[in-house]
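I opened this entry to look up how the core, the sheet and the cysteines are arranged, and I note what I found in the order I looked.

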Amino acid sequence: MSADFGRHKRLVVAIGLVTGLAIAGAVITPAHADNVTVVTVRVDEAHILKLPDRIATIVIGNPLIADATLQSGGILVITGKGYGATNLLALDRAGRVVLDKTIQVQGAPSDKLVVVYKGVARESYSCTPECAPRITLGDDPKFFADTIAQSGTRAGQAQTPAASK
C-alpha cells in the first residue's frame, strides 16, 4: 500500500512540475507580432500590419466585416467594415498559406459614443468633443438613412466646384 502511495505522490509531483514549467514557459516566452492570431480593428478605422515580402494574395473570409489592401513593401491595410470576426489568409505565389489570422472588428469606444433609445429606435452620436449623428450599424433605419443622406449630400457638395460670382 505504501508503495502505491509513493508512486502516486511522485506522479502528482511530476504533473505539478510539468504544469509549472509550461506556465513559466508561457510567461517567459516573448510575444512577437507574428505570433498574434487575433488582430483587433474598430468599425470605420484602419489598422496597419507588416507582412513578409513573399505574400502574393490576400483573402478575407467575410468582406462585410473587414477589408484588406496589400501595399508595396508587405504593408497590409485592414479596415473594419462591420461588427464580428472573420479570417485573413495570406498566400505566397505557389498558393501556400503563409499567414492565418482572425480579424476581430469592434464598435467605437464607449467613451466617444452616445447611444439614444427612443422606444425601440436607436440613434448613435459621436461625441469627439461635440456630439453629432454617427452612421452606425444597428441604428433605426430612418435615422441611419437620414444621416447617410446628409453625409452623402455634404460629400457631393464638397466635390462640386464653387460657382463664380
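I began with I103 and, in this predicted model, asked which residues it touches once its neighbours within four places in sequence are left aside. I found I103 in contact with V39, V41, A66, I78, G84, A85, T86 and L88.

Next I looked up the core. The largest nonpolar core has 17 residues, and I noted L76, I78, L88 and I103 as those with the most contacts inside it. I then traced which strands feed this core, and found that β1 (38–42), β3 (55–60), β4 (66–71), β5 (75–80), β6 (84–92) and β7 (97–106) each supply at least two of its residues. The largest share, three residues, comes from β7.

I turned to the sheet and asked in what order its strands lie. I read an open sheet of four strands in the order β1-β7-β6-β3, and its pairing is mixed. Because β1 and β3 stand at the edges, each with a single partner strand, one side of each is left without a neighbour in the sheet. For the twist, I recorded that neighbouring strands of this sheet are turned by 25° against each other on average, with direction ignored.

I then went through the pairings of β7. With β1, β7 runs parallel, and five bridges join the two strands. Here I saw V38 standing opposite T102 in β7, and V39 standing opposite I103 in β7; V39 is also listed among the contacts of I103. With β6, β7 pairs in the antiparallel sense over eight bridges. On this side I looked up G84, whose bridge partner in β7 is V105, and which is also among the residues in contact with I103. I kept in mind that strands of a sheet pair through backbone hydrogen bonds, either parallel or antiparallel.

Where the chain passes between β6 and β7, I checked the hairpin, which has four residues between the strands, and found that G95 takes a positive phi near 90° there.

Last, I searched for disulfides and asked how many there are. The count comes to one disulfide, formed by C127 and C131, whose sulfur atoms lie 1.9 Å apart. I noted 110° about the S-S bond, and the link of C127 and C131 is right-handed. I also asked whether C127 is buried or exposed. C127 has a relative accessible area of 15%, so I entered this cysteine as buried, the cut-off for that word being under 20%.

Technical notes
Residues numbered from 1 in each chain as written. Predicted model: local features only at pLDDT ≥ 70, side-chain atom pairs only at ≥ 80, totals over all residues. Heavy atoms only, no water. Core = buried A, V, L, I, M, F, W, Y, C linked by side-chain atoms within 4.5 Å. Buried < 20%, exposed > 50% of the residue type's maximum accessible area, 1.4 Å probe, protein only. Contact = heavy atoms within 4.5 Å. Pairing = 2+ DSSP bridges. Axes fitted to C-alpha atoms, helices over the stretch in contact; angles between N-to-C directions. Disulfide = S-S within 2.5 Å.
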